[in-house]
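Let's walk through this one together, from the overall picture down to a couple of side chains. Have the sequence and the structure open as you read.

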Amino acid sequence: MSIRLTRIAVIGMVCHLVPVAQAEDVSRLIQTPLSADAVAQQVYTAAHGGLVDNALSKRRGREVAVVVNRAPLAMRTQGRVPGVQTFDTYVNNAPQDPAIETLQMAILTSGKTKGTGVLFTRYTDPGKGAVISMWLPALRKIRRINEPSHEDVWFGTNLTYGELVLRTPGDEVHELLGEAKVEKCLAAMELQPWEKTRYTRHLPGPQCAHIGKPVYLLKSTTKFKNWWYDYHVSEIDKRTYALYKTVYYKGGEMIKTVYIDWQSLDQPDPRITYPRYIYAISHQDGKDSMVYVPRSTISLNVELADEFWSEQTLQNYAR
């Protein structure tokens with residue numbers, strides 16, 4: 001698969017933030033019983049609907065965002081290290097052009113593909129598909145491609161573009177199974193000593209701080225025919241609508257689990273959070289992937305000229 005899928009999906013989960021609401025509005029939302037569809041919509045808003053002016057994740061000293069991909073269990077041998085890429089991401093939720101809803105960029109900052117950049121443009125017209133512009137340093141050219149399919153997977157990962165960016169609440173039928181509390185730590189990628197490199201030796205371990213938090217249990221069944229999953233069950237924070245854990249099922253069997261360690265960004269609206277890490281494991285073969293974003297790399301509402309959000313920035317970024 002093309003490298004484009006890795007970068008854009010990271011943008012979708014790392015940099016989309018929700019708008020600051022009045023304190024009384026947030027309190028009312030938390031206290032009011034919601035339907036299954038309303039819970040699904042709030043989760044989508046918290047993860048994807050962000051309208052802070054802009055947000056970015058950029059290397060700070062030795063701290064940098066990373067994507068780590070590990071082979072299936074049967075293919076792992078001692079001495080084989082996981083694939084690792086570092087990246088910077090940017091999102092603009094207030095572009096000057098009223099025809100554009102958001103502009104999102106991601107640039108690889110390590111490895112053989114260092115300098116590869118992607119600009120994702122989403123339009124306000126719902127009937128107009130998004131456009132991806134990709135800068136390829138080796139070819140010194142920009143490629144423009146249409147929005148990918150939901151089932152397309154990131155390069156080297158076990159996550160789909162639909163999961164992290166494209167899927168909307170209207171693509172599924174939702175059922176509220178009840179309420180509960182987080183009972184276990186959120187899993188994380190645990191590396192063997194020979195698998196660790198300078199970028200992965202400080203990956204976070206399992207997150208136990210969410211244990212005891214009240215959550216909704218939401219079952220979501222896909223409307224797509226012959227899809228890669230039948231339904232998934234998610235644990236959703238009742239206060240922030242953070243999606244902590246999603247378990248996918250196909251033919252009655254558990255096929256994949258995705259854990260997300262959502263953390264506060266210290267804003268008045270508790271729904272303004274960011275995914276400190278995303279960990280996904282496929283249960284049939286053990287393949288797993290992890291995205292880790294250190295808090296120090298994230299900034300909100302940075303003064304950047306509108307011209308910054310352009311293909312020219314992609315071309316000049318590595319310089």
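Strands, as the word is used here, are DSSP runs of E at least two residues long, numbered from the N terminus. With that in hand, Asn 92 turns up in strand E3, which covers residues 83–92. Keep in mind that this is a predicted model.

## How far to trust it

Confidence first. Mean pLDDT for the protein comes out at 86, with 87% of the residues at 70 or more.

The start of the chain is another matter: over residues 1–13 the pLDDT stays under 50, although the model has 63 contacts beyond four places in sequence for this stretch. Residues 15–24 also have pLDDT below 50, and there the model shows 41 contacts beyond near neighbours in sequence.

## The overall build

The secondary structure adds up to five helices and 15 strands. Of the 319 residues in the protein, 52% are buried.

Take the contacts with a sequence separation of 6 or more, and 62% of them link residues 24 or more positions apart. As for the surface, the protein exposes about 14900 Å², with carbon and sulfur atoms supplying 49% of that.

## Around Asn 92

Back to strand E3 and its residue Asn 92. Is Asn 92 buried or exposed? Its relative accessibility is 4%, so Asn 92 counts as buried, the cut-off for buried being under 20%.

Look at what surrounds this residue. Beyond four places in sequence, Asn 92 touches Asp 53 and Asn 54, then Glu 101, Thr 102 and Leu 103, and also Asp 306 and Trp 309. Leu 304 lies 212 residues from Asn 92 in sequence, yet their C-alpha atoms are 9.4 Å apart in space. The Asn 92 side chain also reaches the backbone nitrogen of Ala 94, at 2.9 Å.

## Around Glu 172

Now move to strand E8, residues 172–181, where you'll find Glu 172. Glu 172 has a relative accessible area of 6%, so this residue is buried too.

Which side chain does Glu 172 meet in a polar contact of 2.8 Å? The partner is His 232, joined side chain to side chain. His 232 also appears among the residues in contact with Glu 172 once neighbours within four places in sequence are set aside; the others are Arg 167, Ser 220, Thr 221, Thr 222, Lys 223 and Tyr 229.

Note on methods: Residues are numbered from 1 along each chain as its sequence is written. This is a predicted model: local features need pLDDT of at least 70, side-chain atom pairs count only at pLDDT 80 or more; totals for chains, interfaces and linings use all residues. Side-chain values use heavy atoms; hydrogens and water are left out. pLDDT is the predictor's confidence in each residue, from 0 to 100. Contact means heavy atoms within 4.5 Å. Helices (H or I, at least four residues) and strands (E, at least two) are DSSP runs, numbered from the N terminus. Buried means under 20% relative accessible area, exposed over 50%, partly exposed in between (1.4 Å probe, protein chains only). Accessible areas come from the Shrake-Rupley method with a 1.4 Å probe; for residues, only the protein chains shown count as cover. A polar contact is a pair of N or O atoms within 3.5 Å; within protein, one must be able to donate a hydrogen and the other to accept it, and residues adjacent in sequence count only if both atoms are side-chain atoms.
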